[in-house]
Amino acid sequence: MSTQSTPPPDLDAWRKLTALQQPEWADPAELDAVTAELAAQPPLVFAGECDQLKERLGAVTRGEAFVLQGGDCAETFEGSSADAVRNKIKTLLQMAVVLTYAGRVPVVKIGRMAGQFAKPRSKPTETRGDVTLPAYRGDMVNGLEFTPESRRNDAKRLLRAYFSAATTLNLTRAFTKGGYADLRQVHAWNQDFVAASPAGRRYDLLAAEIDRAMAFMKACGIEPEEFSEVDFFSSHEALLLDYERALTRIDARTGDPYDVSAHYLWIGERTRQIDGAHVEFLRHIKNPIGVKLGPTTTADDALALIDKLNPEGEPGRLSFITRMGAGKIREVLPELVEKVTRSGAPIAWICDPMHGNTFEAPSGHKTRHLNDVVDEVAGFFEVHRALGTHPGGVHLEFTGDDVTECVGGAHEIAESDLHERYETACDPRLNRQQSLDLAFMVAEMYRG
Ligand SMILES: O=C[C@H](O)[C@H](O)COP(=O)(O)O
Ligand SMILES: C=C(OP(=O)(O)O)C(=O)O
Ligand SMILES: [Mn+2]
């Protein structure tokens, strides 16, 4: 009998292909030293956890669960404080409770957190007055401050990103496993918020119902473990391939490569070229992955991505995160979903209602209107309902803080209010009130 072994995947084949959106490092030799150091660091996540997430996403492809994925557009080192991380987790947990209880669906919770430090940009430079400097590409590359020193693309930042991701992950593990995420705390998460906001008050009523349901179950002798902690997964855009490659390890159990920088990685709209380096690299890792699909995506593009990224049709391996814009989703999405569904490929369809709806306010702030965000999600549900397919989740840019970056919502943030607390390092995020409002609306759409 002949023993045929498949050759190991070439994890460096991407180096021969075009990789868009990679920074030009000020000191390329430093990049080699830094990636060697990264390659010797412990994993941030474990292969078994990635498999667990893949299983949950498999349930999403079968219509049995819903993804809530979100966090900052661009995490910053400075913004990774315990308070900021806790506020984000708290907001995500509250949104998940709303979706689970009001939407009656198990929610897969994925943070855009603990590694979301690299940004693709529309332009390589930024000009203010008569000064032009390299564009900010995320804290993993350079600093937001508009000075030549800060905008220098510094490879040492890759190491700092790794350690910052480690501390954020440590906090998320503590918050989600150490009692804070216990469902019996549903009220406590809301205490600082309830008086200040309509969404907070609405949430409090729902929390009271949950309390009653749990008291009833307890009286019946049912107190499942699932009430006391939650599974929370990390994700970011796999943009800087030198970083992702350095954090890829061979899993001792299976001999397969996993990118241990996060549980879930996605390829951005700007780097999803079928013959490009990003698709080539991500096709070899075993993590669950996603691809952002913008309004110019054809059904053939989507099918080609499936062929490359999930040729064996493994459920949960591949999600498509569509970001069409509220004005286009009803026109563009149906053909994609229809043809992909006809191919038989298991796909988790996730709606990013943020990136197709950005505009510039007269003050120069990049913003989004909550109504457009809601409208794109509504269009996403309409399309899937009409085709009999499963609207599998949402992908959001939000923060747990009370910022003024997106307009609209119960507090009617106006374009003229944007300057008050505009703190994002890149794209405008929903604040806590807007996020919770949106969660209630999504829950209604899900049940509707
Ligand atoms: O987050 C997504 C992109 O990185 C971001 O929208 C790019 O923004 P820009 O168009 O200002 O470069
Ligand atoms: C860069 C992003 O989005 P997209 O690739 O969809 O433009 C992002 O998610 O921040
Ligand atoms: Mn963004």
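The exercises below, each with a worked solution, concern a predicted model.

**Exercise 1. Determine whether the distance between the end C-alpha atoms of helix 5 agrees with its number of residues.**

Solution. Helix 5 covers residues 198-219, which is 22 residues. The expected span is 1.5 Å times one less than the number of residues. For helix 5 this gives 32 Å. The end C-alpha atoms of helix 5 are 32 Å apart, so the expected span and the model agree.

**Exercise 2. Identify which residues of helix 5 are buried and which are exposed, and describe how the buried ones are arranged.**

Solution. Begin with the buried residues: in helix 5 these are Ala199, Tyr203 and Ala207. Viewed down the helix axis, the buried residues fall within an arc of 70°, so they line one face of helix 5. Next, consider the other side of helix 5, where Leu205, Ala208, Glu209, Arg212, Ala215, Phe216 and Ala219 are exposed. Then ask what covers the buried residues: the cover includes helix 3 (82-103) and helix 11 (432-447). Finally, look past the end of the helix: Gly221 follows helix 5 and has a positive phi, near 85°.

**Exercise 3. Describe the largest nonpolar core and the contacts of Leu68.**

Solution. The largest nonpolar core has 110 residues. Within this core, Leu68, Leu99 and Leu282 have the most contacts. Helix 3 supplies the largest share of the core, nine residues. Now take Leu68 and set aside its neighbours within four places in sequence. The remaining contacts of Leu68 are Leu92, Met95, Ala96, Leu99, Val107, Lys109, Gly393 and Val394. As background, nonpolar side chains tend to be buried together in soluble globular proteins.

**Exercise 4. List the residues that surround ligand 1 and ligand 2, and sort each shell by class.**

Solution. Ligand 1 is surrounded by Cys73, Lys119, Pro120, Arg121, Ser122, His355, Cys426 and Asp427. Sorted by class, the shell of ligand 1 holds three nonpolar, two polar and three charged residues. Around ligand 2 lie Cys73, Pro120, Glu237, Gly268, Glu269, Arg270, Lys292, Arg323, Asp352 and His355. The shell of ligand 2 holds two nonpolar, two polar and six charged residues.

**Exercise 5. Decide whether Gly344 is buried or exposed, and locate it in the chain.**

Solution. Gly344 lies in the loop between helix 9 (329-343) and strand 11 (348-351). A residue counts as exposed if 12 or fewer other C-beta atoms lie within 10 Å of its own. Gly344 has 8 other C-beta atoms within 10 Å, and is therefore exposed. Gly313 is 31 residues from Gly344 in sequence, and their C-alpha atoms are 8.4 Å apart in space.

How values were computed: Residues numbered from 1 in each chain as written. Chains lettered and ligands numbered in written order. Predicted model: local features only at pLDDT ≥ 70, side-chain atom pairs only at ≥ 80, totals over all residues. Near = placed C-beta within 6 Å. Nonpolar A, V, L, I, M, F, W, Y, C, P; charged D, E, K, R; others polar. Helix = DSSP H or I, 4+ residues; strand = E, 2+ residues; numbered from the N terminus. Buried ≥ 20, exposed ≤ 12 C-beta atoms within 10 Å, placed from the backbone. Arc of directions from axis to C-beta. Contact = placed C-beta atoms within 7 Å. Core = buried A, V, L, I, M, F, W, Y, C linked by C-beta atoms within 7 Å.
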